[in-house]
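User: I am new to reading helix packing. Please take one helix in this model and go through how it packs against its partners.

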Amino acid sequence: MVTLFTLSSSSSTFLFPTPRTKLSTTLTHFSLPKTPTHLKKPVLAVTSLSSPLQCDPSLPPAVQTFWQWLRDEGVVSAKSPAAKPALVPEGMGLVAHRNIGKNEVVLEVPKRLWINPDAVSASEIGNVCNGLKPWVSVALFLLREKYRDDSKWRLYLDILPESTNSTVFWSEEELDELQGTQLLSTTMGVKEYVQSEFLKVEEEIILPNKQLFPSPITLDDFFWAFGILRSRAFSRLRGQNLVLIPLADLINHSSSITTEEHAWEIKGAAGLFSWDYLFSIRSPVALKAGEQVFIQYDINKSNAEFALDYGFIDSSNANRDAFTLTLEISESDPFYGDKLDIAESNGLGATAYFDIFLDRSLPPALIPYLRLVALGGTDAFLLESIFRNTIWGHLELPVSPANEELICRVVREACKSALSAYPTTIGEDEKLKESKLDPRLEIAVGIRHGEKKVLQHIDGIFKDRESELRQLEYYQERRLKDLGLCGELEDIIFWEPK
């Protein structure tokens with residue numbers, strides 16, 4: 001586990017680096033889908049395909065039956081989709097069966113086949129699920145449909161994986177490889193959250209309505225549904241923050257795709273005589289027949305979030321390596337009220353989280369917030385109400401040598417403490433990365449190696465800052481210059497009465 005530790009100045013408390021669990025966003029607004037179903041061991045990408053209406057006979061029977069279902073529903077025709085399920089290095093994916101131009105439509109799926117809160121509301125369990133968190137209601141719907149032989153989505157549900165490599169499904173032994181990482185604490189927090197939600201919904205919804213849920217639903221079942229939604233649900237559609245799209249969720253991620261503009265909700269023909277909203281995906285790049293269709297799942301997610309959501313990391317992109325610094329204004333700080341007011345006036349709070357990515361600039365608000373937390377002693381006059389409207393501008397520049405030295409020292413000590421919590425060194429991790437690893441061990445090694453690199457990156461930034469302390473211009477010098485009381489050589493000009 002990541003150790004929480006507190007470093008105190010005379011008036012301020014710094015908490016570094018507490019892991020953060022982003023439950024409020026990732027559990028109610030799911031992001032783009034993950035590396036899809038791993039039905040077989042990865043094989044080489046397909047280089048030739050049969051008729052667009054026919055499914056590759058080498059695919060598992062469940063996938064072939066799923067494809068036939070899509071044909072029966074009118075999703076598959078001679079013109080669409082432009083790609084079909086195939087075995088690819090990632091496991092299962094979509095491969096172009098003809099040349100596809102950039103921004104050309106790859107597939108369209110009518111709304112009647114989507115699984116989302118609207119589908120739950122229109123179902124037999126809609127009334128009892130009213131008021132639940134959207135993801136919880138869709139999870140219950142997914143489980144109920146999974147155990148119904150006559151489910152409309154039966155053939156889609158049959159191809160969904162029983163688990164993923166998401167860290168929520170790891171064994172204790174596998175989680176041990178994450179010792180010292182923030183991902184370990186985040187994973188445990190998510191597991192506790194999901195279990196808490198299950199116990200609540202079991203007591204309030206499942207058990208009192210056994211006629212609606214004839215098949216027992218266990219905690220493991222609930223985790224399965226959570227994992228499916230976390231890894232495969234699309235968002236960013238008009239009014240749709242959580243939706244499963246059969247076929248579309250087979251598309252894999254590639255870091256070579258640098259745009260997320262590929263999915264649209266449009267209104268179009270959904271049959272010979274009907275119109276419906278369609279989920280449409282366009283290829284971000286031009287493709288030749290036999291090439292795999294890729295999208296970008298989320299440009300801004302860290303590798304830890306990829307591991308938690310999708311069960312893999314983007315090892316080719318070091319910019320996804322991240323570490324979260326947690327800063328806190330201590331309630332015991334004699335200036336707590338003033339500092340909190342200033343923080344809130346600038347969109348922050350008593351506790352603030354800053355995601356630091358490798359080889360990226362520090363978040364703009366990090367240094368001002370650090371200076372605010374450390375503010376005390378002879379610098380405390382800046383907290384007076386007369387400065388309230390201008391203080392953030394002052395905090396964007398060095399305040400005093402003591403303040404700047406304190407934040408550099410505290411951050412560097414925090415980084416060293418965090419680095420000491422890992423059971424392995426960067427060198428040991430790099431040696432492991434050179435060998436063939438189990439997928440989950442590969443994720444663990446990649447995460448802890450990435451976190452350490454970011455910590456070294458942060459330490460390096462503040463080490464350089466420490467070496468420049470004497471060259472910096474501080475508040476008092478800037479103030480004297482503004483008043484014309486400091487010469488070109490920065491000598492103080494004393495006013496003498498005549």
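Analyst: Take helix α5, residues 134-146, and start with its packing against helix α8, residues 182-206. In this predicted model, the axes of α5 and α8 lie 11 Å apart, and the angle between them is about 65 degrees. Angles of 65 to 115 degrees count as roughly perpendicular, so α5 and α8 are described as roughly perpendicular to each other. Their crossing is right-handed.

The residues that make this contact can be listed from both sides. From α5 come W135, V136 and L140. They meet Y193, V194, E197, V201, I205 and I206 of α8. Sorted by class, the contact of α5 with α8 consists of eight nonpolar residues and one charged residue, with no polar ones.

The second partner is helix α9, residues 219-232. Here the axes come within 9 Å, and α5 and α9 cross at roughly 115 degrees. That angle makes α5 and α9 roughly perpendicular as well, because the range for this term runs from 65 to 115 degrees. The crossing of α5 and α9 is right-handed.

On the α5 side, the residues in this contact are W135, V136, V138, A139, L140, L142, L143 and K146. Their counterparts in α9 are D221, F222, W224, A225, F226, I228 and L229. By class, the contact of α5 with α9 has 13 nonpolar and two charged residues, and again no polar ones.

Put the two lists side by side: W135, V136 and L140 of α5 appear in the contact with α8, and W135, V136 and L140 also appear in the contact with α9.

How far can the model be trusted here? Mean pLDDT is 86 for the protein, with 84% of residues at 70 or more. Among the elements, α8 has the highest mean pLDDT, 98, while helix α1, residues 23-26, has the lowest, 28. Over residues 1-49 the pLDDT is below 50, although in the model this stretch has 180 contacts beyond near neighbours in sequence. Residues 492-498 are also below 50, and that stretch has six such contacts.

For the wider setting, the protein has 17 helices and 11 strands. Of its 498 residues, 52% count as buried. Among contacts with a separation of 6 or more, 72% join residues 24 or more positions apart.

Notes:
Residues are numbered from 1 along each chain as its sequence is written. This is a predicted model: local features need pLDDT of at least 70, side-chain atom pairs count only at pLDDT 80 or more; totals for chains, interfaces and linings use all residues. Side-chain values use heavy atoms; hydrogens and water are left out. Axes are lines fitted to C-alpha atoms, for helices over the stretch in contact, and angles run from 0 to 180 degrees between N-to-C directions. Helices (H or I, at least four residues) and strands (E, at least two) are DSSP runs, numbered from the N terminus. Angles under 35 degrees count as roughly parallel, over 145 as roughly antiparallel, 65 to 115 as roughly perpendicular and the rest as oblique. A crossing is left-handed if the near helix is turned anticlockwise from the far one by less than a right angle, and right-handed if clockwise. Contact means heavy atoms within 4.5 Å. Ala, Val, Leu, Ile, Met, Phe, Trp, Tyr, Cys and Pro count as nonpolar, Asp, Glu, Lys and Arg as charged, and the others, Gly among them, as polar. pLDDT is the predictor's confidence in each residue, from 0 to 100. Buried means under 20% relative accessible area, exposed over 50%, partly exposed in between (1.4 Å probe, protein chains only).
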